[in-house]
Amino acid sequence: MTTRIQDIVRKLESNNVEILRDVPDQIRQIGNFSHDEMIDLSEALASLFYLFQNSSSVTMLKLAIRTEKQLAGFGEDVVPFLVDKITEADGESAGYLGKALAKIGKPGLDYMLQEWDHYRDDDHAHINLIQTLSYYKLPEVNGAIPFIIDASRHDNHHLRAMALYTIGRLIERSKGVEIGSQLAGTIFDWSLGFLSARQPLVRKNAVRTLGQMARRDLLSTPDKKKVHSIFLAITGKDDHHNWDSAFIVRQEAEHFLKYFSCSPPVAQAYN
């Protein structure tokens, strides 16, 4: 570690909010860091995310956002470091790191997909990487959707839930973005298959993805009628009154019913 960054690293390790507040400005004033200096600083900055997640103060939230921006400001030099950290971090810290990676843009996305298969047998790593994809936007991340769908074939229901959440989030943020009918059809068929999953969280996120598709007018007329019928069944508003047993699933379907036609479709079971 070089002498000129030792003082900054010591401050980052102090966990003192008053001291930490001045660090981003100090980093910006020095600038022109070498690759090794960027990695040393990134290591120290990344460790702060464990501190941030245990605080609800506005000051800490602002500092977390500034830390994300600082990490992203190092650019492509820290992409491998960030991806490696994301794969081993806890979920909340991985979220901060993932947002920093997404701010770097295409280089971060390309490297993450390049390294994807290295973590094929590591469900924790894949969950965090899939979460990171939710911080990008369509269409830049279109090429990652097959990776997400493939990963969801694993038995881990947390991984499946995260895959569905991420696709739903990408669709939610796709206002004004052209999504081809083929891609929309693939996502529809894939999401539909999880509505009968045993785990409520998986069903909830499948409902969310289909609901976002309806909201963004990505469903064909027959598919929209089908999803409407399913959501009525989930909420117990069809003729069968055999609603989903999980409140979080019913609540999610209820939320999205407003994006469907008011005329009741033909009722049908969803499981």
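These are my notebook entries on helix α3, the nonpolar core and the salt bridges of a predicted model.

**Ground rules.** I worked on a predicted model, where local features need pLDDT of at least 70 and side-chain atom pairs count only at pLDDT 80 or more, while totals for chains, interfaces and linings use all residues. I number residues from 1 along each chain as its sequence is written, and my side-chain values use heavy atoms, with hydrogens and water left out.

**Entry 1: helix α3.** I took helices as DSSP runs (H or I, at least four residues), numbered from the N terminus. I looked up burial along α3, residues 23-30, and found Val23, Pro24, Gln26 and Ile27 buried. Buried here means under 20% relative accessible area, exposed over 50%, and partly exposed in between, with a 1.4 Å probe and protein chains only. Viewed down the axis of α3, the buried residues fall within an arc of 160 degrees, so they line one face of the helix. I took that arc from the directions running from the helix axis to the C-beta atoms. Arg28 and Gln29 are exposed on the other side of α3. What do the buried residues of α3 pack against? I found α1 (3-12), α2 (17-20), α4 (35-46) and α6 (58-73) as their partners, with contact meaning heavy atoms within 4.5 Å. I also noted Gly31, just after α3, with a positive phi of about 60 degrees.

**Entry 2: Thr67.** I moved on to α6, the helix that holds Thr67. Thr67 counts as buried because its relative accessibility is 2%. Leaving aside neighbours within four places in sequence, I list Leu45, Leu48, Phe49 and Phe52 as its contacts.

**Entry 3: the core.** I defined a nonpolar core as a set of buried Ala, Val, Leu, Ile, Met, Phe, Trp, Tyr and Cys residues joined through side-chain atoms within 4.5 Å. The largest one has 91 residues, and Leu82, Met112, Met213 and Phe231 have the most contacts inside it. Helix α12 (residues 157-172) gives the most to this core, eight residues. I then looked up Phe231 and, not counting residues up to four places away in sequence, found it touching Val207, Leu210, Gly211, Ala253, Phe256, Leu257 and Phe260.

**Entry 4: salt bridges.** My rule was a side-chain nitrogen of Lys or Arg within 4 Å of a carboxyl oxygen of Asp or Glu. How many salt bridges does this rule give? I count 18.

I looked at Glu37 and Arg4, whose closest N and O atoms are 2.8 Å apart. This pair links distant parts of the chain, Glu37 in α4 and Arg4 in α1, 33 residues apart. Glu37 is buried at a relative accessible area of 4%, whereas Arg4 is partly exposed at 38%.

Next I checked Asp150 and Arg120, which meet at 3.3 Å, N to O. Asp150 lies in helix α11 (residues 145-151) and Arg120 in the loop between α9 (106-114) and α10 (123-133), so the pair ties together parts 30 residues apart in sequence. Both are partly exposed, Asp150 at 28% and Arg120 at 34%. I found these two linked with Asp117 and Arg153 in a network of salt bridges.

I last took Glu252 and Lys204, with closest N and O atoms 3.8 Å apart. Glu252 is in helix α16 (residues 247-256) and Lys204 in helix α14 (residues 200-215), so this bridge ties together parts 48 residues apart in sequence. Glu252 counts as buried at 12% relative accessibility.

Key:
Helices (H or I, at least four residues) and strands (E, at least two) are DSSP runs, numbered from the N terminus.
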